[in-house]
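Here is a short report on one protein chain. It covers the sheet, the helices against it and the nonpolar core.

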Amino acid sequence: MKFTDSPIIELSIGNKVLSIQQDNNSMHVGTSVWPCSLVLVKFLDRWLSNPNPNPNSNSYTHLLSNFHTSRAVELGAGCGVAGMGLYLLGLTNITLTDIAPVMPALKHNLKRNKQTLNKTLKTSILYWSNLDQINSLNPPFDFVIATDVVYIEESVPSLVSAMEKLIGDKGVVLLGYQLRSPEAHTLFWEMCERVFEITKVSHEDLHPDYAYEETDVFIMRKKS
Ligand SMILES: C[S@@+](CC[C@H](N)C(=O)[O-])C[C@H]1O[C@@H](n2cnc3c(N)ncnc32)[C@H](O)[C@@H]1O
């Protein structure tokens, strides 16, 4: 499911508005904006703007306490919504990565939002199976960000392995997730359960305007 067929998607964060241009007709899924990216950004926006909007639920304040001094990398960034959104929320040391054919769409959107962001964010070509590219990013990272990246069964082992190699022992993987392929889904969660402690964010803790039944946010930490 694409979020909308509109060529321009807008996302408000504080008093800023990101404007992302998407191309739903290209052969690369990364040139479209996918709802998980919006859901993840607005979940964090909700908790950063108001550390405890729901007194009955667990607080995410601890998770976000050193957001501003953390190093982060985004996998399969596509048009860059999650990376740009989290940058505006304070995750300023972030590198957005994707495959080479998606780079023009990513760079176009970073340029399009340069004034809002006050700078052009860092990008890097990263194929999940490419160990040299992983190492050249100089892991470990405090945060690995990924939204709507689980849809091809064959790519799952390299995706999980890239997450494991990139994240630090005390780091956090923030995943926006939607079931797109039953085979990829089963393999992904089987593999993740071996490597990560996994917490699913309750839907009542998501941003009320960006909480879709089919979309989830997961917080994953390496098992010790
Ligand atoms: C469905 S799109 C999601 C894009 C963006 N994260 C979003 O939520 O709008 C999946 C992204 O994963 C990237 N991707 C798929 N397989 C990949 C691989 N093997 N290595 C690196 N990136 C990959 C695609 O190029 C694409 O940008």
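The report starts with the sheet and ends inside the core.

The model is predicted. Its open sheet has seven strands, ordered β5-β4-β3-β6-β7-β9-β8. Pairing in this sheet is mixed. Strands β5 (122–125) and β8 (196–200) form the edges, each with pairing on one side only. From one strand to the next, the twist averages 20°.

Strands β7 (residues 167–178) and β9 (residues 215–222) run antiparallel. Six bridges join them. G176 has V217 in β9 as its bridge partner.

Two helices can be placed against strands of the sheet.

| Helix | Residues | Strands | Angle between directions |
|---|---|---|---|
| α1 | 35–49 | touches β6 (141–147), β7 and β9 | about 125° with β7 |
| α4 | 103–112 | lies across β4 (93–98) and β5 | about 180° to β5 |

Helix α1 packs on the sheet. Helix α4 lies across β4 and the edge strand β5.

Next comes the core. The largest nonpolar core has 64 residues. L40, V41, V81, L86, V144 and V173 have the most contacts inside it. Helix α1 supplies the largest share of this core, eight residues.

Which residues does L40 contact, leaving aside its neighbours within four places in sequence? They are A82, T147, L174, G176 and V217. Two of these contacts, G176 and V217, are the bridge partners already met between β7 and β9. L40 itself belongs to α1 (residues 35–49), the helix that touches both of those strands.

Terms used:
Residues numbered from 1 in each chain as written. Predicted model: local features only at pLDDT ≥ 70, side-chain atom pairs only at ≥ 80, totals over all residues. Pairing = 2+ DSSP bridges. Helix = DSSP H or I, 4+ residues; strand = E, 2+ residues; numbered from the N terminus. Axes fitted to C-alpha atoms, helices over the stretch in contact; angles between N-to-C directions. Contact = placed C-beta atoms within 7 Å. Core = buried A, V, L, I, M, F, W, Y, C linked by C-beta atoms within 7 Å. Buried ≥ 20, exposed ≤ 12 C-beta atoms within 10 Å, placed from the backbone.
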